Amino acid sequence: MITRVFFTSIIFIFLVSCNYNQNVNKIPKKSGSTLKVTTGGVEAKIDWTVKIFPAIDIKDKKCVRLVKGEFDNKTEYDLSPVEQAKKYQDHGFKNLHIVDLDGALTGQTTNLDIINNIISKFNLKVEVGGG
């Protein structure tokens with residue numbers, strides 16, 4: 001996945017920087033489109049799919065949003081992290097990014113119980129950071 005995204009980014013940058021006039025009108029305008037490019041005898045097919053990962057930041061067992069990345073300056077939300085994950089799934093999201101902010105501070109995953117609860121209850125592809 002990371003390699004593909006990286007490779008796609010390199011191809012896109014190459015198209016824009018080296019062959020801008022020839023290729024700018026070929027760039028797909030919607031998600032799910034593909035772009036077939038031949039440059040210097042090398043053919044590449046770029047999958048133009050965008051995946052959105054809504055995020056849940058957890059601090060002190062609550063959903064929060066840090067203001068300018070400052071741990072002491074945060075907005076706390078009424079929904080629990082589990083309730084927020086359900087809301088995302090109900091809205092049709094398939095992916096979820098969870099940040100354990102307590103874990104980011106301590107270096108150990110602190111909110112693993114909440115994360116496991118979300119993973120077991122919902123059919124979401126979850127990526128976790130922060131601990």
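Student: Leaving aside neighbours within four places in sequence, which residues are in contact with glutamate 76, and what makes them contacts?

Tutor: Glutamate 76 is in contact with Lys62, Cys63 and Val64; contact means heavy atoms within 4.5 Å. The model is a predicted one, in which local features need pLDDT of at least 70 and side-chain atom pairs count only at pLDDT 80 or more, while totals for chains, interfaces and linings use all residues. Residues are numbered from 1 along each chain as its sequence is written, and side-chain values use heavy atoms, with hydrogens and water left out.

Student: Why is glutamate 76 called partly exposed?

Tutor: Its relative accessible area is 39%. Buried means under 20% and exposed over 50%, with partly exposed in between (1.4 Å probe, protein chains only). The value of 39% lies between the two limits, and glutamate 76 is therefore partly exposed.

Student: Where does glutamate 76 lie, and how is a strand defined?

Tutor: Glutamate 76 lies in strand S5. Strands (E, at least two residues) and helices (H or I, at least four) are DSSP runs, numbered from the N terminus. In these terms the protein comes to five helices and seven strands.

Student: How do you know that S4 and S5 pair?

Tutor: Two strands pair if DSSP finds at least two bridges between them. Four bridges join S4 (residues 62-67) to S5, so the condition is met; these strands run antiparallel. Valine 64 stands opposite glutamate 76, and the bridge partner of leucine 66 in S5 is lysine 74. The two strands form a hairpin with two residues between them, and lysine 68 in the turn has a positive phi of about 55 degrees.

Student: How do you know that S3 pairs with both S4 and S6?

Tutor: S3 and S4 pair in the antiparallel sense over three bridges, with aspartate 57 standing opposite valine 64. In their hairpin, which has two residues between the strands, aspartate 60 takes a positive phi near 55 degrees. Four bridges join S3 to S6, which run parallel, and isoleucine 56 stands opposite isoleucine 98 in S6.

Student: What is the order of the strands in the sheet, and why do S5 and S7 stand at the edges?

Tutor: The order in this open sheet of five strands is S5-S4-S3-S6-S7, with mixed pairing. Strand S5 (70-76) and strand S7 (125-129) each have a single partner strand, so one side of each is left without a neighbour in the sheet. Neighbouring strands are turned by 45 degrees against each other on average, direction ignored.

Student: What makes helix H3 a helix that packs on the sheet?

Tutor: Helix H3 (residues 81-90) touches strand S3 (55-59), S4 and strand S6 (95-100). The direction of H3 makes about 175 degrees with that of S3; axes are lines fitted to C-alpha atoms, for helices over the stretch in contact, and angles run from 0 to 180 degrees between N-to-C directions. Helix H5 (residues 112-121) lies across S3, S6 and S7, running at about 170 degrees to S6.

Student: Why are H3 and H5 called roughly parallel?

Tutor: Their axes come within 9 Å and cross at roughly 30 degrees. Angles under 35 degrees count as roughly parallel, over 145 as roughly antiparallel, 65 to 115 as roughly perpendicular and the rest as oblique. The crossing falls in the class under 35 degrees, and H3 and H5 are therefore roughly parallel to each other. Pro81, Val82 and Ala85 of H3 make the contact with Ile114, Asn117, Ile118 and Lys121 of H5.

Student: How do the residues of this contact divide?

Tutor: They comprise five nonpolar, one polar and one charged. Ala, Val, Leu, Ile, Met, Phe, Trp, Tyr, Cys and Pro count as nonpolar, Asp, Glu, Lys and Arg as charged, and the others, Gly among them, as polar.

Student: Why does leucine 101 count as buried?

Tutor: Leucine 101, in helix H4 (residues 101-106), has 6% relative accessibility and therefore counts as buried. Beyond four places in sequence, leucine 101 touches Asp57, Ile58, Lys59, Val64, Leu66 and Phe71. Leucine 101 and isoleucine 58 are 43 residues apart in sequence and 5.7 Å apart in space, C-alpha to C-alpha.

Student: Lysine 59 is found in strand S3; how do you know whether it is buried or exposed?

Tutor: Lysine 59 has a relative accessible area of 10%, and is therefore buried. Its contacts, leaving aside neighbours within four places in sequence, include Leu101, Asp102 and Leu105. Buried residues make up 29% of the 131 residues in the protein.
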